[in-house]
Amino acid sequence: MMMTGCNESENESTAVAEVEAAVELFRQTMVEPDESVFYKLTSPKLTYGHSSGLVEDRDACVAAIVSGKNKFLSLELSDQTVDLSGNTAIVRHRFFAHTHDEGKEPGTVTLHVLQVWQKSSEGWQLLARQAVRI
């Protein structure tokens, strides 16, 4: 019986580490946009909610970042938690970024973010994201 518990715990630890790696790669790709990486890390059913209330699908989200419409000069995540439920992970973190969006002056943004990741044949993919200003 102990072995089952250990294996479950090891499997959960591995899955949490995989999710954390996917979140980190997504963060890096927001600063240095790469369309192919975004498509690998996001679900075709992505719903991406901004703190402004704007909600984008996968194509609109990727296009906005790759084109520079939404530009992140730097991006830090902190106070991150990852909770697993089967092949779904709920990630919460604090998001601080230096931005220079198209047509705007450089600025900063501090948010609380909720992300929902789902394990697929492609690996962990972002399924949903919602941000709120702090």
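## Exercises on a predicted model

Aspartate 79 counts as exposed, with a relative accessibility of 64%. Keep in mind that you're working with a predicted model.

**Exercise 1. Find the strand that holds aspartate 79, then say what stands out about its phi angle.**

Step 1: Start with the address. Aspartate 79 sits in strand β3, which covers residues 72–85.

Step 2: Check the accessibility against the cut-off. Exposed means over 50% relative accessible area, so at 64% aspartate 79 gets that label.

Step 3: Now look at the backbone. Phi of aspartate 79 is near 50 degrees, which is a positive value in a residue other than glycine. That's worth a second look because most residues other than glycine have a negative phi.

**Exercise 2. Work out which residues pair up in the salt bridges of this structure, and where they lie.**

Step 1: Know what you're hunting for. Side chains of opposite charge can pair when their charged atoms come close. There are two salt bridges to find.

Step 2: Take glutamate 18 and lysine 119. Their closest N and O atoms are 3.3 Å apart. This pair ties together distant parts of the chain: glutamate 18 is in helix α1 (residues 2–31), lysine 119 is in strand β5 (residues 107–120), and their positions lie 101 residues apart in the count.

Step 3: Check how open these two are. Glutamate 18 is partly exposed at 32% relative accessibility, and lysine 119 is partly exposed at 37%.

Step 4: Go on to glutamate 24 and arginine 27, whose side chains meet at 2.7 Å, N to O. Here both partners lie in helix α1, three residues apart, or about one turn of the helix. Glutamate 24 is partly exposed, with 31% relative accessibility.

**Exercise 3. Describe the largest nonpolar core: which residues touch the most other members, and which elements contribute?**

Step 1: Recall the background. In soluble globular proteins, nonpolar side chains tend to be buried together.

Step 2: Pick out the best-connected residues. The largest core has 28 residues, and those touching the most other members are Val19, Phe26, Met30, Tyr48, Phe95, Trp117 and Trp124.

Step 3: List the suppliers. At least two core residues each come from α1, α2 (35–41), β1 (42–49), α3 (58–67), β3, β4 (88–99), β5 and β6 (123–133). The largest share, seven residues, is from α1.

Step 4: Zoom in on tryptophan 124, in strand β6. Buried means under 20% relative accessible area, so at 7% tryptophan 124 counts as buried. Its C-alpha is 6.8 Å from that of leucine 41, although the two are 83 residues apart along the chain.

**Exercise 4. Compare separation along the chain with distance in space for asparagine 70 and aspartate 83, then for serine 120 and threonine 88.**

Step 1: Asparagine 70 is in the loop between α3 and β3 and counts as buried at 16% relative accessibility. Aspartate 83 is 13 residues away from asparagine 70 in sequence, and their C-alpha atoms are 28 Å apart.

Step 2: Serine 120 belongs to strand β5 and is partly exposed, with a relative accessible area of 29%. Serine 120 and threonine 88 are 32 residues apart along the chain, with 9.7 Å between their C-alpha atoms.

**Exercise 5. Name the residues that form a negative surface patch, and place aspartate 57.**

Step 1: The patch is made by Asp34, Glu35, Asp57 and Asp59.

Step 2: Aspartate 57 is in strand β2 (residues 55–57), and is partly exposed with a relative accessible area of 43%.

Methods
Residues numbered from 1 in each chain as written. Predicted model: local features only at pLDDT ≥ 70, side-chain atom pairs only at ≥ 80, totals over all residues. Heavy atoms only, no water. Patch = residues over 30% accessible without salt bridge, like charges linked within 9 Å, V, L, I, M, F, W, Y side chains within 5 Å. Areas by Shrake-Rupley, 256 points an atom, 1.4 Å probe, with all protein chains shown as cover. Salt bridge = Lys/Arg side-chain N within 4 Å of Asp/Glu carboxyl O. Lys, Arg positive; Asp, Glu negative; His and termini not counted. Charge placed at Lys NZ, Arg CZ, Asp CG, Glu CD. Helix = DSSP H or I, 4+ residues; strand = E, 2+ residues; numbered from the N terminus. Buried < 20%, exposed > 50% of the residue type's maximum accessible area, 1.4 Å probe, protein only. Core = buried A, V, L, I, M, F, W, Y, C linked by side-chain atoms within 4.5 Å.
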